[in-house]
Amino acid sequence: MGIESSCDETAASVVVGSKVLSSVIASQTAMHEKWGGVVPEAAARAHVEAILPVILEALEVAKIGFQDLAGIAVTNRPGLVGALSVGVVASKMLSLELGLPLIGVHHLEGHLVSPMLDSEPLPYPHMSLIASGGHTEVVLVRAPFEYEIVAETLDDAAGEAFDKSARLMGLGIPGGAAIQRAAPGGNPRRYPLPRGVPDHPDAFSFSGLKTAVLRAVEAAGPDLAVADLCASVQEAIVDALSRKVLALLEQSGSSCLCLVGGVAANVALRERLGAGCDFPLPGDALLHGQRGHDRARGLAPTRGGISG
Ligand code: KG4
């Protein structure tokens, strides 16, 4: 059983090999929406309420009992301390009570291996873009558990840039999904926004983007063209990420790119990266997306050379 409570979702899943027998997620999005972001103390309390029902439902959906489990894996870092400790304490309790091994999992390592769930094994080396609310890193995975960070953000994460921009425009959370919904039909060239540090092939920077969005919002006042600004923000982030990821991919010689973390749900990003990969299409090499996130956010997985 895998258990996760690092931020605002309480999740439990039963996995056999790479096959997912159940995946139950209790999301706190609706609760945090009224505060405009995740409130750590409230998140921890909501995890306390959700953790046991979620674990029980994961067993029920998988049609197994506690006695059938062979081990417990739990996200133990990084994340919100109060939120993390709920999953860790519940997992320790189960492992002691049931006499099962307990494995602490680094949150980012969980992202990196997620494309292998319900899927074929990945070729090595492969490259992964981790783009979430707290992290933006390009990782070259040379072999199982052998990672090299080949690029990372100097300041804000890509998801954070989406979230802060959405907040400045008064849109809901998660900000990336809200911007993606508002962007279609908008003019991505209406608001010129910075691309971070274009001359640094191994670094991203998104802190200037939120300042530029703030200035655009203040300058436009009630005349703000929300769809245009959303399209411009999405284009700035997708452009900044995809140029460097594709260049690093080419340099690495790898023919497999994985896209993981919440921002992997962004269709524009998937399409740009998919179009830039000159891989032979599925069967030989794949661009992996993170379908779990897509399902959680109600997006259909993109087809056509993209699998995961
Ligand atoms: O991986 P994740 O669920 O949680 C962690 O941060 O670990 O990622 C959350 C991030 C948020 O910043 C959210 O705005 C972003 O993923 N996100 C999206 C989309 N859906 C969620 N960003 C862009 N487009 C989306 N459709």
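## Helix H3 and its surroundings

Right after helix H3 (residues 81-98) comes Gly99, whose phi is positive, near 65°. The structure is a predicted model, in which local features need pLDDT of at least 70 and side-chain atom pairs count only at pLDDT 80 or more, while totals for chains, interfaces and linings use all residues. Residues are numbered from 1 along each chain as its sequence is written, and side-chain values use heavy atoms, with hydrogens and water left out.

Let's begin with H3 itself. Helices (DSSP runs of H or I, at least four residues) and strands (DSSP runs of E, at least two residues) are numbered from the N terminus. How far apart are the end C-alpha atoms of H3? They are 25 Å apart, which agrees with the 26 Å that its 18 residues should span at 1.5 Å a residue. The expected span is 1.5 Å times one less than the number of residues.

Several H3 residues are buried, including Ala83, Leu84, Val86, Gly87 and Val88. Further along the helix, Ala90, Ser91, Leu94 and Ser95 are buried too. Here buried means under 20% relative accessible area, exposed means over 50%, and partly exposed lies in between, with a 1.4 Å probe and protein chains only. What covers these residues of H3? The cover includes strand S1 (2-4), helix H2, strand S4 (72-77) and strand S5 (102-106).

**Two helices side by side**

Two packed helices are described by the angle between their axes and the distance between the axes. For H2 (residues 40-62) and H3, the axes come within 8 Å and cross at roughly 35°. An axis is a line fitted to C-alpha atoms, for helices over the stretch in contact, and angles run from 0 to 180 degrees between N-to-C directions. The crossing of H2 and H3 is right-handed, the term for a near helix turned clockwise from the far one by less than a right angle (anticlockwise would be left-handed).

Which residues meet here? From H2 come Ala44, His47, Val48, Ile51 and Ile55, and from H3 come Gly82, Ala83, Val86, Gly87, Ala90 and Leu94. By class, this contact has eight nonpolar, three polar and no charged residues. Contact means heavy atoms within 4.5 Å. As for the classes, Ala, Val, Leu, Ile, Met, Phe, Trp, Tyr, Cys and Pro count as nonpolar, Asp, Glu, Lys and Arg as charged, and the others, Gly among them, as polar.

Pro40 also belongs to H2, and it is partly exposed because its relative accessible area is 45%. Pro40 and Cys7 are 33 residues apart in sequence, yet their C-alpha atoms are 7.8 Å apart in space.

**The five-stranded sheet**

Now for the sheet that these helices touch. It is an open sheet of five strands in the order S3-S2-S1-S4-S5, with mixed pairing. Strand S3 (19-27) and S5 stand at the edges with a single partner strand each, so one side of each is left without a neighbour in the sheet. From one strand to the next, the twist averages 20°. H2 packs on this sheet, touching S1, S2 and S3, and its direction makes about 25° with that of S2. H3 lies across S1, S4 and S5 and runs at about 150° to S4. Within the S2 and S3 pair, Val15 has Val20 in S3 as its bridge partner.

**Pairs of strands**

Two strands pair if DSSP finds at least two bridges between them. Here are some of the pairs.

| Strands | Direction | Bridges |
|---|---|---|
| S2 (residues 9-16) and S3 | antiparallel | eight bridges |
| S6 (residues 126-131) and S7 | antiparallel | six bridges |
| S7 (residues 136-143) and S8 (residues 146-153) | antiparallel | six bridges |
| S8 and S9 (residues 203-204) | parallel | two bridges |

A hairpin of four residues joins S6 to S7. The hairpin of S7 and S8 has two residues between the strands, and there Phe145 takes a positive phi near 65°. Val138 is the partner in S7 of Leu129, and Val138 also bridges to Ala151 in S8. Val139 has Ile149 in S8 as its bridge partner, while Glu152 stands opposite Ala203 in S9. Is S7 mostly covered or uncovered? S7 is mostly covered, with six of its eight residues buried.

**A buried aspartate**

Finally, look at Asp239 in helix H8 (residues 226-252). Asp239 counts as buried because its relative accessibility is 9%. Leaving aside neighbours within four places in sequence, Asp239 is in contact with Arg195 and Arg272.
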